[in-house]
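Here is a short walk through one model, written for someone who likes to check geometry on screen. Have the viewer open and follow along.

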Amino acid sequence: MEKLLNELSSESKAAYAVSCDVEIDCAVPENLKRKTAPGLPSIAENDLLRHFTNLSRKNYALSTTFYPLGSCTMKYNPLINERIAKLDAFSHIHPCQPAETMQGALEIMHGLEKDLCEISGMDSFSLQPAAGAQGEFAGLLIIAKYFKSIKQKRTKIIVPDSAHGTNPASAALAGFEIIPLKSESDGSISPEKLKALLTPEVAAIMLTVPNTLGVFEKNIPEISKAAHANGTLLYYDGANLNAVMGIVRPGDMGFDVMHINLHKTFSTPHGGGGPGAGPVGVKAFLEPFLPVPRIENKNGKYFLNYKKSKSIGKMKAFFGNFPIILRAYVYIKSLGAKGLKNASVQAVLNANYMLAKLKDKINVPAGNRCMHEFVLSPKAALQNGVRTLDVAKRLLDYGYYAPTVYFPLIVEEAIMIEPTETESKETLDAFIETISKIILEESAQEPQKVKDAPANTPVARLNEVEAARKPILKWS
């Protein structure tokens, strides 16, 4: 196991020493100054370099392994995105600069808003939200303020059980009451069940399309008609947009508000809590309520408009997570319309290929076809008390990052798999062979090996309950 830097530290070592004979007049008050040295480790530079290199080798990364991470697309991020994001012209600007000194950055953000409108069928976008869940929250605040502006008291949001888990949380945080809707066996919505819940108090219906079982919602036209007849808005959770971009557009299907996860659909790095971006898009009648500032153009000059009286206000400091916005812009411009559509087509093809190879061996609750992801329920195939969590841990021994497990909650012992469009047939075949071996062979013949996994990782299986309730947050 790699030692901590404090364990490698020695007074006889140093990377380099800095001395300064210039006396600095420090404005820090005496009561705030340190009384003792900060206790930083003292270590040779090459040892420091090797320490972090060794740690990086222990990480799972797309450059080393396959991420079959359903619902949280972990696809390859083209290196051209990274090169452009590092250009001084972008990395050295500051959001407090006057708008006239960063016209290029504002033009890119304004351009991305227009591109997202074209891809989604929405009329306006704000790039400000920092993540998908914050994009949801912004969309729901927009819905709330819209109904307030037309003097309608609508306090309820309908959320199907096949929607993403953040949907009810975002709605509750925005002050709405959640009305749950039980989905059908494939995760789709019954129009009849929905209509029974539609009352004058319902502000919106939140749909994840494709849903968390990887199935496209087949009843959207009827749902849209019923919702709008009731004065209810339709919210589109765009986290799975990578399955349909270039093929269908949420705005054309009747959706009024949506968010897009740039860090999933448009190939920007994410994970571990960030970075991310969750732009919120709306139809024209909701545009006045978008967060400020709005990026606008007048006489060929871009500027930030804070004077929007109906706006929900700011969602994030300045105007969004610019490095992620920049990467998404480069990705879209690199692929173009045909390339984006092909990415979705290939993602759907890869997922259906894996599904076809597994469905006769392991139960697939949602049937024979999927969009970009699918869900296995291996409960009937597992033996000797082996569970889905054990399968996920055992996959680590084979060098794979584990897929999403126990989600969606409507599937027992769920394993959600999403291959993305960037993986080869050879990679898919190897993963299919491995997960089949663990579920069908090892759970029957070597169950304890599966239950004790992982054995080949830097640390063995952790006590997850204790880690959550009693985390060790610092070295002592």
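How many bridges join strand β2 (residues 156-160) to β4, and do they run parallel or antiparallel? Three bridges join the two strands, and the strands run parallel. Keep in mind throughout that this is a predicted model.

**Around strand β4**

To find the β2 side of the pairing, pick Lys156, which stands opposite Val202 in β4. Strand β4 also pairs with strand β5 (residues 233-238), again in the parallel sense, this time over five bridges. There, Thr208 has Asp237 in β5 as its bridge partner. Between these two strands, helix α9 (residues 220-229) comes into play: β4, α9 and β5 make a right-handed β-α-β unit.

Is β4 enclosed or open? Strand β4 covers residues 202-208, and seven of its seven residues are buried, so the strand is largely enclosed by the rest of the structure. As background, side chains in a regular strand alternate between the two faces of the sheet.

**Salt bridges**

Next, the charged pairs. With N and O atoms within 4 Å as the cut-off, the count comes to 22 salt bridges. Here are three of them, with the distance between the closest N and O atoms:

| Pair | Closest N and O atoms |
|---|---|
| Asp47 and Arg50 | 3.9 Å |
| Glu82 and Arg327 | 2.8 Å |
| Lys193 and Glu184 | 2.9 Å |

Take Glu82 and Arg327, with their closest N and O atoms 2.8 Å apart. Glu82 lies in helix α3 (residues 79-85) and Arg327 in helix α11 (residues 322-358), so the pair ties together parts that are 245 residues apart in sequence. Are the two partners buried or exposed? Glu82 counts as buried at 18% relative accessibility, and Arg327 is buried with a relative accessible area of 12%. The cut-off behind that label is under 20%.

The pair of Asp47 and Arg50 is a local affair. Both sit in helix α2 (residues 45-58), and because they are three residues apart there, about one helical turn separates them. Asp47 is partly exposed, with a relative accessible area of 27%.

As for Lys193 and Glu184, the lysine is partly exposed at a relative accessible area of 38%, and Glu184 counts as partly exposed too, at 32% relative accessibility.

Some charged residues link up beyond a pair: Glu113, Glu287 and Arg294 form a network of salt bridges.

**Cavities**

Two members of that network turn up again when you look for empty space: Glu113 and Arg294 are among the residues lining the largest cavity. The rest of its lining is Ser126, Leu127, Gln128, Pro293, Ile295 and Phe319. What mix of residue types does this give? The lining divides into four nonpolar, two polar and two charged residues. About 60 Å³ of space lies in this cavity, and the structure holds three cavities of 30 Å³ or more.

**One more stop on helix α11**

Helix α11, home of Arg327, also contains Gly339. Gly339 counts as buried, at 18% relative accessibility. How far is Gly339 from Asp429 in sequence and in space? They are 90 residues apart in sequence and 25 Å apart in space, taken C-alpha to C-alpha.

Conventions. Residues are numbered from 1 along each chain as its sequence is written. This is a predicted model: local features need pLDDT of at least 70, side-chain atom pairs count only at pLDDT 80 or more; totals for chains, interfaces and linings use all residues. Side-chain values use heavy atoms; hydrogens and water are left out. Buried means under 20% relative accessible area, exposed over 50%, partly exposed in between (1.4 Å probe, protein chains only). Helices (H or I, at least four residues) and strands (E, at least two) are DSSP runs, numbered from the N terminus. Two strands pair if DSSP finds at least two bridges between them. A crossover is right-handed if, with the strands pointing away from the viewer, the path from the first strand over the helix to the second runs clockwise. On a 1 Å grid over the protein atoms alone, a cavity is a set of points where a 1.4 Å probe fits but cannot get out, and a pocket is an open set with protein on both sides within 12 Å along at least five of seven lines; lining residues have an atom within 4 Å of a point. Grid points are joined across faces, edges and corners, and a volume is the space filled by probe spheres set on the points. Ala, Val, Leu, Ile, Met, Phe, Trp, Tyr, Cys and Pro count as nonpolar, Asp, Glu, Lys and Arg as charged, and the others, Gly among them, as polar. A salt bridge is a side-chain nitrogen of Lys or Arg within 4 Å of a carboxyl oxygen of Asp or Glu.
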